[in-house]
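The following exercises concern charged pairs and strand pairing. Please work through each task before reading its solution.

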Amino acid sequence: PLVLLYTAAGNPTVQGVAYSTDDRTFTKYAGNPVLKQITGGNRDPKVMWHAATGRWIMTIAWPLERKVRFYASPDLKAWTHLSDFGPTGSVAGIWECPDLIEFPGGRWLLKVDTFAGHPGGTGAQVFIGRFDGQRFVADQADGTLDRLIDRYHGHALRLDVAEASEFREAIEARLEPLEQGDRQGADEADLAGLACQGRRRTHEE
């Protein structure tokens with residue numbers, strides 16, 4: 001089955017689970033919410049499997065507190081609080097849409113979107129550090145700001161080997177005209193859809 005976690009916005013704001021057996025229609029879990037309101041507006045759960053500890057890790061935003069909170073679960077239904085990160089780096093605007101990404105060599109990237117205090121308005125900041133399955137520790141207190149305007153709500157796309165190969169071929173097919181110097185030959189909207197990330201003009205432009 002396909003399982004998703006989502007924010008049920010309102011008062012209170014809580015996190016729920018829904019599942020699908022046909023990849024088209026979803027049924028809400030009868031035991032919702034799986035995570036009650038932590039603070040007003042807590043939202044944007046991003047869940048990943050952490051192989052080292054054999055459990056699911058949820059990264060969720062505390063917008064007004066400029067924090068990211070980490071939870072763990074063995075079954076996507078019962079969640080235990082692990083730790084918090086922040087406030088640090090850019091704190092002028094609320095924090096949203098966090099994402100925790102593992103890289104080879106034991107390095108991790110924590111991405112947090114900022115709604116203000118960024119060149120051009122909304123944007124993202126990233127922290128490089130380590131995550132041991134319990135706590136994220138950044139190498140530096142200040143995050144690195146993405147200098148592209150309005151790059152917001154971006155998330156890593158995690159694929160298995162077969163899916164990644166097909167995805168890469170699709171991207172390369174769209175990039176070929178660009179590599180040949182024909183920048184008008186590629187439909188940027190289509191490319192943005194494939195790459196799950198829109199192209200934006202830089203602040204300097």
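**Exercise 1.** State how many salt bridges the structure holds, and examine how two of them connect strands.

*Solution.* Step 1. There are five salt bridges, a salt bridge being a side-chain nitrogen of Lys or Arg within 4 Å of a carboxyl oxygen of Asp or Glu. The model is a predicted one, in which local features need pLDDT of at least 70, side-chain atom pairs count only at pLDDT 80 or more, and totals for chains, interfaces and linings use all residues. Residues are numbered from 1 along each chain as its sequence is written, and side-chain values use heavy atoms, with hydrogens and water left out.

Step 2. Arginine 43 and glutamate 96 form one such bridge, at 2.6 Å from N to O. Because arginine 43 belongs to strand S4 and glutamate 96 to strand S8, the pair ties together parts 53 residues apart in sequence. Strands here are DSSP runs (E, at least two residues), numbered from the N terminus.

Step 3. Lysine 46 and aspartate 99 form another, with closest N and O atoms 3.0 Å apart. This pair links strand S4 to strand S8, again across 53 residues.

**Exercise 2.** Classify aspartate 99 and lysine 46 as buried or exposed.

*Solution.* Buried means under 20% relative accessible area, exposed over 50%, and partly exposed in between (1.4 Å probe, protein chains only). Aspartate 99, at 1%, is buried; lysine 46, at 15%, is buried.

**Exercise 3.** Give the strand order of the open four-stranded sheet.

*Solution.* The order is S4-S5-S6-S7, with antiparallel pairing; two strands pair if DSSP finds at least two bridges between them. S4 and S7 each have a single partner strand, so one side of each lacks a neighbour in the sheet.
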